[in-house]
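Here is a short briefing on one structure. Please keep the sequence and the model side by side while reading.

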Amino acid sequence: MAEILAENLSGKAVMGSDGAELGMLYNISMDLETGRLENLIINPDETYDGDEFDTDVEGRLLIPVRRVQAVKDHMIVER
């Protein structure tokens with residue numbers, strides 16, 4: 001995957017590989033010991049009704065970074 005600055009990801013729409021709108025990127029979590037990115041933190045779309053992703057206490061989706069398939073106009077994640 002090409003290098004992308006984090007500032008260019010803020011507020012980016014996130015879609016599943018099935019075309020479903022999942023929500024908007026809120027933040028990205030990182031393991032402080034290893035420096036590895038862990039999860040996309042997504043404000044879920046009001047139409048999202050799945051339960052395949054963990055959520056935080058605010059109800060935001062936690063999608064493992066390893067599931068990112070593409071980043072263009074939208075972020076596409078494996079679903």
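Is Glu 52 buried, partly exposed or exposed? Glu 52 counts as partly exposed, because its relative accessibility is 35%. The model is predicted. Seven strands form an open, mixed sheet, and three salt bridges are present.

**Sheet**

- The strand order across the sheet is 4-5-3-2-1-7-6.
- The sheet is open, and the pairing of its seven strands is mixed.
- Strand 4 (54-55) and strand 6 (68-71) are the edge strands. Each has a single partner strand, so one side of each lacks a neighbour in the sheet.
- Strand 3 (residues 37-44) pairs with strand 5 (residues 61-64). The sense is antiparallel, and the pairing runs over four bridges.
- In general, strands of a sheet pair through backbone hydrogen bonds, in a parallel or an antiparallel sense.

**Asn 39 in strand 3**

- Asn 39 belongs to strand 3 and stands opposite Pro 64 in strand 5.
- Asn 39 has a relative accessible area of 19%. The cut-off for buried is under 20%, so Asn 39 counts as buried.
- Beyond its neighbours within four places in sequence, Asn 39 is in contact with Asn 27, Ile 28 and Ser 29. Its further contacts are Leu 62, Ile 63, Pro 64 and Val 65.

**Arg 60 and its salt bridge**

- Arg 60 sits in the loop between strand 4 and strand 5.
- Is Arg 60 buried or exposed? Arg 60 is buried, because its relative accessibility is 16%.
- Leaving aside neighbours within four places in sequence, Arg 60 is in contact with Tyr 26, Ile 41, Ile 42, Asn 43, Pro 44, Asp 54 and Thr 55.
- Arg 60 also forms a salt bridge with Asp 56. The closest N and O atoms of this pair are 3.0 Å apart.

**Salt-bridge network**

- Which residues are linked in a network of salt bridges? They are Asp 18, Glu 52 and Arg 79.
- The side chains of Asp 18 and Arg 79 meet at 3.0 Å, N to O. This pair links distant parts of the chain, 61 residues apart. Asp 18 is in the loop between strand 1 (13-16) and strand 2, and Arg 79 is in the segment after strand 7 (75-77).
- The side chains of Arg 79 and Glu 52 meet in a salt bridge of 2.5 Å, N to O. Glu 52 lies in the loop between strand 3 and strand 4 and Arg 79 in the segment after strand 7, so the pair ties together parts 27 residues apart in sequence.
- Arg 79 counts as partly exposed, because its relative accessibility is 33%. Glu 52 is also partly exposed, at 35%.

**Nonpolar surface patch**

- Which residues make the nonpolar surface patch? Met 30, Leu 32 and Leu 37 make it, and the patch covers about 350 Å².
- Leu 32 lies in the loop between strand 2 (21-30) and strand 3.
- Leu 32 has a relative accessible area of 76%. The cut-off for exposed is over 50%, so Leu 32 counts as exposed.

Note on methods. Residues numbered from 1 in each chain as written. Predicted model: local features only at pLDDT ≥ 70, side-chain atom pairs only at ≥ 80, totals over all residues. Heavy atoms only, no water. Pairing = 2+ DSSP bridges. Helix = DSSP H or I, 4+ residues; strand = E, 2+ residues; numbered from the N terminus. Patch = residues over 30% accessible without salt bridge, like charges linked within 9 Å, V, L, I, M, F, W, Y side chains within 5 Å. Areas by Shrake-Rupley, 256 points an atom, 1.4 Å probe, with all protein chains shown as cover. Salt bridge = Lys/Arg side-chain N within 4 Å of Asp/Glu carboxyl O. Buried < 20%, exposed > 50% of the residue type's maximum accessible area, 1.4 Å probe, protein only. Contact = heavy atoms within 4.5 Å.
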